[in-house]
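Me: I should like to learn how to read the features of a protein model in an orderly way. Could we take them one at a time, with the general idea before the case?

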Amino acid sequence: MQHKKYDLIVVGGGILGTFHAYHALTNGLEVLHLEKDNFPVGSTVRNFGQVVPSGMEGDWFSYGVRGLEIYQSIQQEFDISVRQNGSFYIASDDEETQIIHELAAHYDSLGYDHALWSKTQIRERFPLIRDTYPTEAIVFPQELSVEPENMIRRLHTYLKQRFSTYHLEYNCTALHCESTSSHVTVSCTNQQRFEAEKVIICNGYEFKLLFRELFEDSGLEISKLQMLRSKPLPDMKLPGNILTGLTIRRYESFEAYCPSFRSMTIPAHYEELKKWGIHILFKQAVDGSIIIGDSHEYALGTQFEELGFSINDHINKLMLEEANRIIPIQHDQIATSWAGFYAQHKNHIVEHDVDDRIHIRTGIGGKGMTASAGYAEQSINKIYNN
């Protein structure tokens with residue numbers, strides 16, 4: 001039987017795979033995109049949906065800035081839920097205030113738009129924030145938020161409408177991938193076989209299904225996150241990506257570019273929170289509910305099961321107590337909580353070429369929503385020597 005041959009097969013329907021497909025399509029390639037489930041339900045949809053290059057360093061900052069342009073460009077053609085609400089890092093003590101001033105000096109040198117806000121300005125914009133919490137804030141008005149549960153499916157719909165050369169298969173789990181001198185073949189659990197010139201694998205820790213030995217040697221680790229979501233609270237207004245003192249003490253841009261970062265002391269009330277990798281973010285969804293999080297627990301990719309799948313009530317209690325120190329929110333206003341899992345790597349991502357036809361690009365971790373659009377552009381250009 002003669003199989004249709006594509007230019008490229010992308011394995012993985014999440015944000016990293018989808019933007020690899022997008023950039024291949026804009027380069028005129030015919031793309032088959034495979035997703036194992038009815039629709040993506042993994043890392044891409046279990047996060048805040050914050051697009052915040054300001055928290056990244058080096059090339060990843062540049063990928064994030066390029067991502068802002070790409071998201072806005074697509075949004076002008078088709079609604080993928082992008083909102084330009086800005087990002088607000090709110091300091092809560094003198095040390096965090098010093099750090100945001102040092103980050104402002106760094107972004108002055110790059111010409112990346114930002115502003116330092118006084119406590120009065122913060123309280124005027126966010127009356128909900130308790131008077132006892134903020135000192136100052138660094139603000140990035142150009143940064144974006146999306147609705148993660150809807151955005152990826154809207155993006156798939158956009159690609160189907162925009163490109164006749166885009167072919168999307170849900171419920172198609174890739175189980176075998178093998179190259180020959182003329183093509184590469186991908187076989188799926190539903191007995192379908194596909195052929196292409198090249199394959200790019202972007203399916204997170206699921207790439208162990210295709211290349212078990214490579215996965216075990218990859219150095220991937222898994223991060224388990226817990227998050228909370230309130231009931232719709234239409235009387236509480238919290239527009240934008242709200243990042244707080246613990247975020248200032250965690251994100252890589254502060255560590256990389258702020259001279260005082262490593263000499264910061266840890267207030268006593270932060271010690272238990274840092275033990276569980278907790279920093280407090282807020283994002284209000286379009287229905288008025290407020291997403292609160294998150295915590296971080298880690299395991300080697302080969303020991304994923306050790307993280308368990310249950311919700312740790314102690315972590316939720318710690319997050320809600322710290323959130324309530326910032327805004328007035330109580331346990332009976334919380335509607336749900338969940339755990340998310342994502343693959344990450346000490347080198348920011350796994351890049352491995354099995355041969356000149358099979359390329360693994362996965363494990364982008366918590367950078368995915370911000371940096372995938374820009375990273376995938378250079379990844380496609382590199383793979384195709386553009």
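The dialogue below goes from the overall form to the interior and then to single residues.

Reply: One point comes before the rest: this is a predicted model.

Me: What does the secondary structure of the protein come to?

Reply: The protein has 11 helices and 19 strands. Its radius of gyration is 21 Å, close to the 21 Å that the globule rule gives for 386 residues, so the protein is as compact as a globular protein of that length. Along the principal axes, the C-alpha trace spans about 70 × 45 × 40 Å.

Me: Which share of the contacts joins residues at least 24 apart in sequence?

Reply: Among contacts between residues at least 6 apart in sequence, the share is 77%.

Me: How should I read the surface and the charges?

Reply: Buried residues make up 58% of the 386 residues. The protein exposes about 16200 Å², and carbon and sulfur atoms supply 46% of that area. As for charge, there are 35 positive and 50 negative side chains, with the centres of the two sets 4 Å apart.

Me: How is the interior to be read, and which residues have the most contacts inside the largest nonpolar core?

Reply: The general idea is that in soluble globular proteins, nonpolar side chains tend to be buried together. In this model the largest nonpolar core has 68 residues, and those with the most contacts inside it are Phe 19, Tyr 71, Tyr 89, Leu 155 and Phe 254. Elements that each supply at least two residues of this core include the strands β1 (5-11), β6 (136-140) and β8 (166-169). The helices α1 (15-26), α2 (58-77), α3 (94-110), α5 (148-162) and α11 (368-383) each do so as well. Apart from this core lies another, of 33 residues, among them Trp 276, Ile 278, Phe 282 and Ile 334.

Me: What does Phe 254 touch, if residues up to four places away in sequence are not counted?

Reply: Phe 254 touches Tyr 89, Ile 99, Ile 100, Leu 103, Thr 247, Ile 248 and Phe 261. Tyr 89 is itself among the residues with the most contacts inside the largest core.

Me: Where does the backbone call for a second look?

Reply: The general rule is that most residues other than glycine have a negative phi, and most peptide bonds are trans. Asn 171 has a positive phi of about 55° although it is not a glycine. Asn 171 is in the loop between β8 and β9 (174-179), and its relative accessible area of 42% makes it partly exposed. His 348, also not a glycine, has a positive phi of about 80°. The loop between β17 (334-344) and β18 (350-353) holds His 348, which is partly exposed at 23% relative accessible area.

Me: Which residues does the cis peptide bond join?

Reply: The cis bond joins Gly 293 and Asp 294, with omega about -10°. Asp 294 is found in the loop between β15 (290-293) and β16 (297-300).

Me: Is Glu 322 buried or partly exposed, and how does Glu 321 read?

Reply: The cut-off matters here, because buried means under 20% relative accessible area. Glu 322 is in helix α10 (residues 313-326), and at 4% it is buried. Leaving aside residues up to four places away in sequence, Glu 322 touches Tyr 133, Leu 246, His 269, Tyr 270, Leu 273 and Ile 280. Glu 321 also has its place in helix α10, but at 44% it is partly exposed.

Me: Where does Gly 49 lie, and what surrounds this residue?

Reply: Gly 49 is found in the loop between β2 (31-34) and β3 (50-51). With 0% relative accessibility, Gly 49 counts as buried. Beyond its neighbours within four places in sequence, Gly 49 is in contact with Leu 144, Ser 145, Val 146, Pro 148, Lys 283 and Met 369.

Me: How should separation in sequence be set against separation in space?

Reply: One reads the two values together for each pair. Gly 49 and Asp 7 are 42 residues apart in sequence and 31 Å apart in space, C-alpha to C-alpha. Thr 165 and Tyr 6 are 159 residues apart along the chain, with their C-alpha atoms separated by 9.2 Å. Glu 321 and Thr 165, 156 residues apart in sequence, are 50 Å apart in space, C-alpha to C-alpha.

Me: What are the surroundings of Thr 165?

Reply: Thr 165 lies in the loop between α5 and β8 and is partly exposed, with a relative accessible area of 26%. Not counting residues up to four places away in sequence, Thr 165 touches Leu 25, Leu 29, Glu 30 and Val 31.

Key: Residues are numbered from 1 along each chain as its sequence is written. Side-chain values use heavy atoms; hydrogens and water are left out. A nonpolar core is a set of buried Ala, Val, Leu, Ile, Met, Phe, Trp, Tyr and Cys residues joined through side-chain atoms within 4.5 Å. Buried means under 20% relative accessible area, exposed over 50%, partly exposed in between (1.4 Å probe, protein chains only). Helices (H or I, at least four residues) and strands (E, at least two) are DSSP runs, numbered from the N terminus. Contact means heavy atoms within 4.5 Å. The radius of gyration is taken over C-alpha atoms; the globule rule is 2.2 Å times the number of residues to the power 0.38. Accessible areas come from the Shrake-Rupley method with a 1.4 Å probe; for residues, only the protein chains shown count as cover. Lys and Arg count as positive and Asp and Glu as negative; His and the chain ends are not counted. The place of a charge is taken as NZ of Lys, CZ of Arg, CG of Asp or CD of Glu.
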